[in-house]
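Trainee: Could we walk through this structure together? I would like to see how each label is earned.

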Amino acid sequence: QVQLVESGGGLVQAGGSLRLSCTASGTISSINTMGWYRQAPGEQREMVAVIINGGSPLYAGSVKGRFTVSRVNANLYLQMNSLKPEDTAVYYCTADDRRILTSTPKSWGQGTQVTVSS
């Protein structure tokens, strides 16, 4: 079992930056994939960025070049620059014991709200 806790969300103006953090606890050694997903009001949940052990980070096209995902042991980070109003969403940290890009990771955090004002 893996538990995930996110922090770092908030309100920012368009063009600004935020850094999200996620701390995993539990059977950390089992984690092979960690990532960030988001869900905007009335929209489906979507992948933002994923790190699979042994591979390079994967990004959604809409955030590539603006967001950077990194992982240090049990901690996952998402540096978000040049934020746009369309980045407004609840951001979720995820973890999986599989090396896989999936819309349904096994473990999810509670989510942190990011709001970008125009």
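## Labels and their cut-offs

Mentor: Happily! Let us start at a turn: strand 5 and strand 6 form a hairpin with five residues between the strands, and Gly-54 there takes a positive phi near 85 degrees. Please keep in mind that this is a predicted model, where local features need pLDDT of at least 70, side-chain atom pairs count only at pLDDT 80 or more, and totals for chains, interfaces and linings use all residues. Residues are numbered from 1 along each chain as its sequence is written, and side-chain values use heavy atoms, with hydrogens and water left out.

Trainee: What makes strand 5 and strand 6 a pair?

Mentor: Strands are DSSP runs of E with at least two residues, numbered from the N terminus, and two of them pair if DSSP finds at least two bridges between them. Strand 5 and strand 6 (residues 58-59) have two bridges, in the antiparallel sense, so they meet that definition. Within this pairing, Ala-49 stands opposite Tyr-59 in strand 6.

Trainee: Which residue of strand 4 has Ala-49 as its bridge partner?

Mentor: That is Trp-36. Strand 4 (residues 33-39) and strand 5 pair in the antiparallel sense over six bridges. Their hairpin has six residues between the strands, and Gly-42 in the turn has a positive phi of about 75 degrees.

Trainee: How do you know that Cys-22 and Cys-93 form a disulfide?

Mentor: The definition asks for a pair of cysteine sulfur atoms within 2.5 Å. The sulfur atoms of Cys-22 and Cys-93 are 2.1 Å apart, so the pair qualifies as a disulfide. Cys-22 belongs to strand 3 (residues 18-26) and Cys-93 to strand 9 (residues 89-96), so the bond ties together parts that are 71 residues apart in sequence. The structure holds one disulfide.

Trainee: Why is the disulfide of Cys-22 and Cys-93 called left-handed?

Mentor: Because the torsion about its S-S bond is about -75 degrees.

Trainee: Are Cys-22 and Cys-93 buried or exposed?

Mentor: Buried means under 20% relative accessible area, exposed over 50%, and partly exposed in between (1.4 Å probe, protein chains only). Cys-22 has a relative accessible area of 0%, so it is buried, and Cys-93, at 0% as well, also counts as buried. Strand 5 (residues 46-52) is mostly covered too, with six of its seven residues buried.

Trainee: Why do strand 1 and strand 7 stand at the edges?

Mentor: An open sheet of four strands runs in the order 1-3-8-7 with antiparallel pairing. Strand 1 (2-7) and strand 7 (67-72) each have a single partner strand, so one side of each is left without a neighbour in the sheet.
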